[in-house]
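Got your viewer open? Let's take a short walk through this structure, one selection at a time.

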Amino acid sequence: MRVLIAVAPLTAHLYPSVPLAWALQSAGHEVRLASGTELAGQISAAGLTAVRLGGDPASPMPHISEAELDRFSEALGFEPGSDHGRLWQAIRYYLVANVARYYPDAEGQQPLADNLVEFAREWRPDLVIWDVANPVGSVAARECGAASARLLWGPDYFGWIHGRLTERAAQANPLAETLAPVFGRYGHDYSQDMVLGDFTIDPLPTHTQLPRSPGQRVVPMRFVPYTGAVPVPEWLLRAPSRPRVCLSLGVTKRKVTAGRDERLAAVFEAVAGMDVEVVATVNADQLGEDQKVPDNVRLVDYLPLTQVTPTCSAIIHHGGFGTFFAAAEHRVPHMIITEELGTGLSSSRYLEARGAGVSLHTDDLTAAQVARELSGLLTEPSFQQGAAAVYADMAAAPSPAEIVPILERMAARHRTGD
């Protein structure tokens, strides 16, 4: 079987697809992983075959205005300030506005989309697995007659939005209008099968899932963390002499938001007086010019979390699910410091429900607050018990290798090409 995996040109979207690609490749299937050209090296470093689709636009944001995004809020009918209303406000840019990445430019060119579709037509895969942030994958599957499967990396926001709009039977469907430049470029109309695929591969525990659309077909899969491939540094081969705490604020934020991260000041001030060793995976831009770094903080521009989290007693992070599950795999308690934008609103709610850590907010964040909560993470057994519960949630789903036979059957059922 030939399998094409198409992901948005972001590292955080590439990584969740790698373990599934390994499983399919190890089962004897031909696998190609397609994304922006800049990710080709990382795909190759993971032992997979890259398809270079071209450069990524500098920013998708100018194509979708605040007014257009506000139309979603009205159509979805969420009360301002409610849990769902706040969640929608948080994910509106990172998911819906991201679709504009695949809009044609002023000259009508769109290499990321056109190259993917052209490759699918030529290579003729049996199954196209696509990142929900890359809806062109749905088009590519239809254009070559392949089965179409979405791979989630977080809660199913598109499925949730589609179901909500269908339920409300709104006269105008802003999601359909947002996807029209992507689907319509190749002569396809908006439909549930186009926006949700033939089926969805969901690696998140049931406790994190949003309401699904009626009739949606789902294949559960265990989230197996992959966070990059580099040699293990020598210092990491030695066991820490005191509790080690990892600090990670995500690689995607570095790309989409330049400048100093204000959360660092409170965290560094908090840990300066604690008997801990902190490994901070932050770069110079996030630090800023005048940020003081305590002696017990080791700065590392980049380090795969799967290397450092097995040695940690706690982790402080932004709430991204890739970071969350890299720590959860080793039963590490979390402190999530959320912003208004991002998936931290979802992961922090799950974290607290399972008792695996604490969540703070950037507003009015203080060093005393961070120190108090971090001390609790390191000393209170309930947090270790909660982290073990999260790990059990992960382990309850079948591994990527175990779902390969299911994907084979689903591909045979839904494939329409020769």
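Start with a cartoon of the whole chain: you should find 19 helices and 13 strands. Keep in mind that this is a predicted model.

While you're zoomed out, look at the overall dimensions. The C-alpha trace spans about 65 × 50 × 40 Å along its principal axes. A compact globule of 418 residues would have a radius of gyration near 22 Å, so the chain's 21 Å agrees with that. Buried residues account for 56% of the 418. Switch on the surface and you're looking at about 16800 Å² of accessible area, 49% of it from carbon and sulfur atoms.

Next, go for the sheet. In what order do its 7 strands run? Follow them as 3-2-1-4-5-6-7, an open sheet with parallel pairing. To find the edges, select 50-52 (strand 3) and 218-220 (strand 7), each of which pairs on one side only. On average, neighbouring strands here are turned by 25° against each other, ignoring direction.

Stay at the strand 3 edge and add residues 30-35, which are strand 2; 3 bridges join this strand to strand 3, and the two run parallel. For one bridge pair, pick Ala34 and its partner in strand 3, Val51.

Now bring in the helices. Select 18-26 for helix 2, which packs on the sheet and touches strands 1, 2, 4, 5 and 6. Its direction makes about 155° with that of strand 2. Then select 111-123: helix 6 lies across strand 1, strand 2 and strand 3, at about 175° to strand 1.

Last stop, the contacts: among those between residues at least 6 apart in sequence, 67% join residues at least 24 apart.

Key. Residues numbered from 1 in each chain as written. Predicted model: local features only at pLDDT ≥ 70, side-chain atom pairs only at ≥ 80, totals over all residues. Heavy atoms only, no water. Pairing = 2+ DSSP bridges. Helix = DSSP H or I, 4+ residues; strand = E, 2+ residues; numbered from the N terminus. Axes fitted to C-alpha atoms, helices over the stretch in contact; angles between N-to-C directions. Contact = heavy atoms within 4.5 Å. Rg over C-alpha atoms; globule rule 2.2 N^0.38 Å. Buried < 20%, exposed > 50% of the residue type's maximum accessible area, 1.4 Å probe, protein only. Areas by Shrake-Rupley, 256 points an atom, 1.4 Å probe, with all protein chains shown as cover.
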